[in-house]
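The following exercises concern the protein structure displayed below. Each consists of a task and a worked solution.

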Amino acid sequence: MDESRPTQPARSRPVRLLHTAAALREQPRGTGARAVVMTMGALHEGHATLIRAARRRVGPQGQVVVTVFVNPLQFGAGEDLDRYPRTLDADTELAAAAGADVVFAPSAEEVYPGGAPQIRVAAGPMGTLLEGASRPGHFDGVLTVVAKLLHLTAPDLAFFGQKDAQQLAVITRMAADLNFPVEIIGVPTVREEDGLALSSRNRYLSAPERRTALALSAALFAARDRLAAEEALRVRAASTGHAAQDRAAALAALGEDRAAADAHAVAYAAAGPPHGPSVARAAAHAVLEDAARLEPPLALDYLALVDPSDFTEVPDGYEGEAILAVAAKVGTTRLIDNIRLVFGAGHSGPAPAHQDGTRTDAAPSDGASDAPATPPTTPHGPLGATR
């Protein structure tokens, strides 16, 4: 496509499709801020949510650039680089409809003119955990291409999805540690109505495989709901105190087994430290163990409950924000998902659906509303914005 000719899909903003850094440098920036949304293509509603969030943030005077580049550095041996979907025409139309001004789709030769770079950005200790342990070198490849694309696009803001929570965390850390003059903003995960997190890899799933894949989100939601139940018991225990033990014994003596069991649960919650992390892990593991017996089965890679600041496992008695992350294979397709949990601060029900039928991890326990909020203008935790 001619780089000087704007593409105008029906009922959308004009968008320019550019393939070279020189053409991007010549593109007028406008009078507002420039935001970038980095993708590997095969765009879906999750990407559209990022683009719309960027559009809202920069306003009509700003500029939204969407990059489409399948980065070879972040694919390991045996991974799906060659079969990764490439749908540039459809991607350009979706980006335009969501509010993008520019789609920057460079070739590998444009991004890596000398071939694979000899000098790369290292992800450090956080890059060796979870996804980094399962895919050695993956985050070094991610950070190297993100650093290059930040230089090439020169944005004021960069938007990334919270579905890739560890990726978002290492990018946020890189921007802070290396003084990139850009604000990194995380946008909540978008889900199908049945809870499956949107991913370009979902298209590889057969109908039976997709049913099995629902166990990932079901495990996360089971952990959230079980944690909420424990928190409710602790609130009751705080108001009941040791009287709960006496009440449980009295009810058992009267043969009121169900009421006695409830009172015992309250008494257990009143005794000792919070057990939230172990309760959440156990609830999620129960769902995943059931899924391992399905046909086709789910093959678990990891389930981890981690501190968002460094992605190390949190202990029992932990209070504050944590990320419950899961990765598994269904058939030949590897999927990841995560949910944010808060220990010791109360919880809420499942994420509400959007009017368009999609869902985000937007329950109050996930720190978001039922639609992607206007991103913060100041730093907001390890998964929020940073300068």
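A residue is called buried under 20% relative accessible area, exposed over 50%, and partly exposed in between, using a 1.4 Å probe and protein chains only. The model is predicted, so local features need pLDDT of at least 70 and side-chain atom pairs count only at pLDDT 80 or more, whereas totals for chains, interfaces and linings use all residues. Residues are numbered from 1 along each chain as its sequence is written, and side-chain values use heavy atoms, with hydrogens and water left out.

**Exercise 1. Backbone exceptions**

Task: Classify Asn179 as buried or exposed, and describe its phi.

Solution. Helices are DSSP runs of H or I with at least four residues, strands are runs of E with at least two, and both are numbered from the N terminus. On this basis, Asn179 belongs to the loop between α7 (165–177) and β7. Its relative accessible area is 65%, so Asn179 is exposed. Most residues other than glycine have a negative phi, and most peptide bonds are trans. Asn179, which is not a glycine, has a positive phi near 55°.

A further positive phi, of about 60°, occurs at Phe311, also not a glycine. Phe311 sits in the loop between β9 and β10, and its relative accessible area of 3% makes it buried. Finally, the peptide bond from Glu295 to Pro296 is cis, with omega near 0°; Pro296 is located in the loop between α11 and β9.

**Exercise 2. A loop residue and its surroundings**

Task: State which residues Met126 contacts, leaving aside its neighbours within four places in sequence.

Solution. Met126 is part of the loop between α4 (108–111) and α5 (131–134). With a relative accessible area of 8%, Met126 is buried. Contact means heavy atoms within 4.5 Å. Once the neighbours within four places are set aside, the partners of Met126 are Gln166, Ala169, Val170, Arg173, Ser309, Asp310 and Phe311. Met126 and Arg173 are 47 residues apart along the chain, and their C-alpha atoms are separated by 9.6 Å.

**Exercise 3. An open sheet and its helix**

Task: Determine which strands stand at the edges of the sheet β9-β10-β11.

Solution. Strands of a sheet pair through backbone hydrogen bonds, either parallel or antiparallel. Here two strands are taken to pair if DSSP finds at least two bridges between them. The sheet is open, with three strands in the order β9-β10-β11 and antiparallel pairing. β9 (298–306) and β11 (333–343) are the edge strands: each has a single partner strand, so one side of each lacks a neighbour in the sheet. Neighbouring strands are turned by 15° against each other on average, direction ignored.

Angles between axes run from 0 to 180 degrees between N-to-C directions, the axes being lines fitted to C-alpha atoms, for helices over the stretch in contact. Helix α11 (residues 276–291) packs on this sheet and touches β9, β10 and β11, its direction making about 170° with that of β9. Within the sheet, β9 and β10 (residues 320–330) are antiparallel and joined by eight bridges. Leu303 faces Val326 in β10.

**Exercise 4. A parallel pair**

Task: Establish how many residues of β7 are buried, and which way they point.

Solution. Strand β7 (residues 183–187) is mostly covered, with five of its five residues buried. In a regular strand the side chains alternate between the two faces of the sheet. In β7, Glu183, Ile185 and Val187 point one way, while Ile184 and Gly186 point the other way. The partner strand β6 (residues 157–161) pairs with β7 in the parallel sense over five bridges. Phe160 has Gly186 in β7 as its bridge partner.

**Exercise 5. A buried arginine**

Task: Identify the polar contact that joins the side chain of Arg191 to another side chain.

Solution. Arg191 lies in strand β8 (residues 190–191) and, at 0% relative accessibility, counts as buried. A polar contact is a pair of N or O atoms within 3.5 Å; within protein, one must be able to donate a hydrogen and the other to accept it, and residues adjacent in sequence count only if both atoms are side-chain atoms. The side chains of Arg191 and Asp337 are joined by such a contact of 2.7 Å. In addition, a polar atom of the Arg191 side chain lies 3.4 Å from the backbone oxygen of Asn338.
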